[in-house]
Amino acid sequence: MTANATRVLVLNSGSSSLKYQLLDMTDGSRLAVGLVERIGEQTSRLAHTPLATGGAKREHEGPIADHTAALRAVSDELAKDGLGLDSPELAAIGHRVVHGGSRFTEPTLIDDAVLAEIERLVPVAPLHNPANITGIKTAQALRPDLPQVAVFDTAFHTTMPESAARYAIDVETADAHQIRRYGFHGTSHAYVSRKTAELLGKDPSEVNVIVLHLGNGASASAVAGGRCVDTSMGLTPLEGLVMGTRSGDVDPAVVFHLLRVAGMSADEVDVLLNKKSGLLGLCGDNDMREIRRRVDEGDARAALAFDIYIHRLKKYIGAYSAVLGRVDAVAFTAGVGENAVAVREAAIKGLEELGLAVDADLNGVRSDEPRLISPEYARVAVAVVPTDEELEIANQTYALVNR
C-alpha cells in the first residue's frame with residue numbers, strides 16, 4: 001500500500017442490490033455514496049452522489065445484468081469524479097459480510113480459504129452470504145491486486161459467553177449443524193456502544209450500554225465494558241424484537257403447528273415468519289411513520305401493533321438490565337431508533353425504577369448528532385446515537401491493511 005493510499009471503498013452487496021461508499025480515512029469523510037438496485041432486471045437503477053465535488057446526484061435507469069456489470073457501472077461513475085477504482089489512493093475494499101459464524105471474530109483479509117469458509121456458512125445465512133460472496137468475487141475480478149477485507153455482522157457478538165450463546169438443545173446436534181446464537185448488526189452495535197461512551201465522556205471499557213438498533217430489522221445488545229455479552233438475534237436475524245416483517249421471538253412449536261395443522265410447507269413458514277410477520281403481519285404496514293399516523297387517527301390494529309412492538313422492546317431492556325447488573329446508558333439507533341420520538345418515549349415510560357426517564361423536550365429535538373434525551377436527575381442516561389456502519393467497516397478495513 002502506497003503512502004497516499006488513504007481511501008476505502010465499502011461494498012454492501014444484496015441479492016439484487018449494491019450499496020457503496022467511498023471514504024477518505026484521513027478524516028473519515030465521504031467522497032461518494034450510491035446504490036445500484038434491481039440488478040438483473042430491465043428496470044435497474046443506479047443513483048450516485050459525488051460528495052467530494054459537491055455535485056448533484058446522478059441517476060441512471062436501464063438493464064444491469066449482474067453484480068459485475070453493477071460494479072463496473074459504479075467504477076465508471078466514480079471515474080467521472082476522479083475517484084475511479086484504478087486510483088493509487090484506493091487502499092482497500094471493505095465488504096460487509098452478514099454471517100461469519102464462530103470462526104471470524106474480527107475483520108479478515110479475504111483469500112481463497114476465507115471465501116470458502118464464508119461459502120460454508122451459506123446454510124445458516126441463505127439470504128445474505130451468497131450475495132456477499134458475489135460482491136467479493138466481483139471486486140476481486142476488477143481489482144485482484146487490492147486488499148479485500150471482510151467485516152462480519154456477527155463478529156462483535158463472538159464475545160458472548162457460552163451461557164448466552166448456547167441454545168438448550170442436544171450439544172452434539174447443535175455442534176454438528178452450527179446451531180447457536182450468533183447475533184447480527186454487529187458493526188452498528190460496536191459503533192454505537194463506543195460513541196455512547198464518548199458521549200458520556202468515558203472510555204468504552206468503563207461503560208455498560210444497552211444498544212437498541214431499531215430499523216426495519218431490529219436488535220438489542222447488552223455491552224459490558226465494550227464487549228457484547230448478550231444480543232437478541234440468534235442463529236439467524238429472525239429471533240428477538242418485533243421487526244418490520246419478522247416476527248421476532250415465537251414459541252418454536254408454532255412452526256410444528258403450521259406444518260401439521262395448517263398444512264404449510266417449511267418454505268411457506270419461512271416466508272411467513274421472515275417476510276409476512278412483525279408489524280406488517282400485525283397491521284399491514286411496516287413503516288413506523290405510517291403506523292404512528294394510523295394510531296393518531298384511532299386505528300385499533302395499528303395501535304395494537306405498536307403496543308406489541310413496545311412490549312417486546314421493554315422486555316429486552318429489562319432483561320439486559322438484569323444481565324448487565326449496572327447500566328450506564330440505553331442508546332437508540334437506526335431509522336426508527338433515531339427518528340421515532342413516540343417509540344423512544346413509549347419504550348422508556350414506566351421504567352423509572354430502573355433509573356430510566358426521558359425528557360419530552362430533549363426527546364423531541366431532531367438532530368444528526370449523538371445526544372442525551374434523559375433529564376439530569378436520571379440515574380441511567382438515555383441517548384440517541386446515529387449509527388454509521390459504513391464508517392465502522394471502513395475504519396476496521398483501513399486499520400487491518402495498515403497493520
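Which residues are linked with R58 in a network of salt bridges? The partners are E77, K80 and D81. Keep in mind that this is a predicted model. The network is one entry point into the charged pairs of this structure, which holds 26 salt bridges. Side chains of opposite charge can pair when their charged atoms come close.

Take R45 and E59 next. These two form a salt bridge, with their closest N and O atoms 3.2 Å apart. The pair links distant parts of the chain. R45 sits in strand β4, residues 45-49. E59 sits in strand β5, residues 58-61. In sequence, 14 residues separate the partners. Is R45 buried or exposed? R45 counts as buried, because its relative accessibility is 16% and the cut-off for buried is under 20%. E59 has a relative accessible area of 43%, so this residue is partly exposed.

Now move along the chain to R289 and D287. Their side chains meet in a salt bridge, 2.9 Å from N to O. R289 is exposed, at 68% relative accessible area. D287 is partly exposed, at 29%.

E297 and R293 make another such pair. Here the closest N and O atoms are 2.8 Å apart. E297 counts as exposed because its relative accessibility is 59%, and exposed means over 50%. R293 reaches 37%, so R293 counts as partly exposed.

Leave the charged pairs and turn to helix α6. The helix runs over residues 186-199 and has 14 residues. From first C-alpha to last, α6 reaches 20 Å. That is close to the 20 Å expected at 1.5 Å a residue.

How many of the 14 residues of α6 are buried? Ten are, and the helix is mostly covered. The buried set opens with G186, T187, S188, H189 and A190. Y191, V192 and S193 belong to the buried residues too. T196 and A197 complete the list.

What covers these buried residues? Both strands and a helix take part. The strands include β8 (148-152), β9 (208-214), β10 (218-224) and β12 (329-333). The helix is α15, residues 389-402, which is also among the covering elements.

Finally, look just past the end of α6. There G201 takes a positive phi of about 75°.

Technical notes: Residues are numbered from 1 along each chain as its sequence is written. This is a predicted model: local features need pLDDT of at least 70, side-chain atom pairs count only at pLDDT 80 or more; totals for chains, interfaces and linings use all residues. Side-chain values use heavy atoms; hydrogens and water are left out. Helices (H or I, at least four residues) and strands (E, at least two) are DSSP runs, numbered from the N terminus. The expected span of a helix is 1.5 Å times one less than its number of residues. Buried means under 20% relative accessible area, exposed over 50%, partly exposed in between (1.4 Å probe, protein chains only). Contact means heavy atoms within 4.5 Å. A salt bridge is a side-chain nitrogen of Lys or Arg within 4 Å of a carboxyl oxygen of Asp or Glu.
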